[in-house]
Amino acid sequence: MNSSIDTSRLEKVRRRGSKITARCPACAAEGGDSKGTHFFQNTETGQFGCAKHPGDSEHRRQIFHLVGIRVERDRFTEREWRRGRLIQTAQELRHRRVSSALRSKRSSIISEYPWTDAQARAESPEQRSTWLQDPRGFLAALFPHDALVWTGRVYESGQEGLHVARWKSVADWQLEPASTLGPMVCPATWKAGTVSRSGDMVESSPFTVLDFDGIDGMKPDTPEEIRDHRRRQV
């Protein structure tokens, strides 16, 4: 076997000539080396170790376990590993380019296809103003009356049919007190006799739910951030 270190997985990497210093992965696993000075490697020889634990073979094995690359001497295996890394890097680069292109075209798309809140409400098949406040109206707005739907808490599924009452047709849910519905619903209809939210029991999936924190991947917290988040996602 031939071994080396995947430096892309190291923290606080510094290079000087043929020497690399970084935060020791083994020390970091125990909350140590916050300054990132323990790990060292000679890039010419491949030798590496921990300045705090010199000569400690077990500590060195732990470093390799965390960030090491083990490659067979067979050059074909090494080529395949390097090819896989290149493919992964190319995919990440392509994803960044697509994301950047989409962001740059967002304004022009909105400008060409404007759709105000008033227009959205006017074109909505559900015109009642109270359907968001009444979960029965919410279900009736989303699904046909004869559709079998689930509504309840996350854990109310399976357990040998203990929660079978959480599956009813939309029409039957209209006869139940509003307080018995929710707080959650699935974007799916279910086969007759369903007692568990498993994929093989889905009858149809009429909706796709998009769930994300924001374009920048950061969850909005303050009222101002939430308003800006909603405005940018329209």
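This is a working chat about the strands, rings and cysteines of a predicted model.

User: Before we start, what should I know about the model and the residue numbers?
Analyst: The model is predicted, so local features need pLDDT of at least 70 and side-chain atom pairs count only at pLDDT 80 or more, while totals for chains, interfaces and linings use all residues. Residues are numbered from 1 along each chain as its sequence is written, and side-chain values use heavy atoms, with hydrogens and water left out.

User: OK, which strands make up the open sheet, and in what order?
Analyst: Four strands form an open sheet in the order 2-3-4-5, with antiparallel pairing. Strands here are DSSP runs of E with at least two residues, and helices are runs of H or I with at least four, both numbered from the N terminus; two strands pair if DSSP finds at least two bridges between them.

User: And which strands stand at the edges?
Analyst: Strand 2 (11–16) and strand 5 do, each with a single partner strand, so one side of each is left without a neighbour in the sheet. Neighbouring strands of this sheet are turned by 20 degrees against each other on average, direction ignored, where axes are lines fitted to C-alpha atoms (for helices over the stretch in contact) and angles run from 0 to 180 degrees between N-to-C directions.

User: How does strand 4 pair with strand 3 and with strand 5?
Analyst: With strand 3 (residues 19–23) the pairing is antiparallel over four bridges, and in strand 4 Gln41 is the bridge partner of Ile20, while Phe39 is that of Ala22. With strand 5 (residues 48–50) the pairing is also antiparallel, over three bridges, and there Phe48 is the bridge partner of Gln41. Strands 4 and 5 form a hairpin with five residues between them, and Gly46 in the turn has a positive phi of about 85 degrees.

User: Which side chains of strand 4 are buried?
Analyst: Along strand 4 (residues 39–42) the side chains alternate, with Phe39 and Gln41 buried on one face and Phe40 and Asn42 pointing to the other and not buried. Buried means under 20% relative accessible area, exposed means over 50%, and partly exposed lies in between (1.4 Å probe, protein chains only).

User: Switching topic, how many aromatic pairs are there?
Analyst: The count comes to four, where rings of Phe, Tyr and Trp (its six-membered ring) pair if their centres lie within 6.5 Å, and planes under 30 degrees apart count as stacked, over 60 as edge-to-face and the rest as tilted. The rings of Trp150 and Trp167 have centres 6.5 Å apart and planes at 55 degrees, so this pair is tilted. The pair links distant parts of the chain, with Trp150 in strand 7 (residues 148–152) and Trp167 in strand 8 (residues 167–169), 17 residues apart. Ring pairs link Trp150, Trp167 and Trp190 into a cluster.

User: Are Trp150 and Trp167 buried or exposed?
Analyst: Trp150 is buried, with a relative accessible area of 2%, and Trp167 counts as buried at 7% relative accessibility.

User: Last one, how many disulfides does the structure hold?
Analyst: The structure holds zero disulfides, a disulfide being a pair of cysteine sulfur atoms within 2.5 Å. Cys24 is in no disulfide, and the nearest cysteine sulfur, that of Cys27, is 3.6 Å away. Cys24 counts as buried at 0% relative accessibility, and Cys186 counts as buried at 15%.
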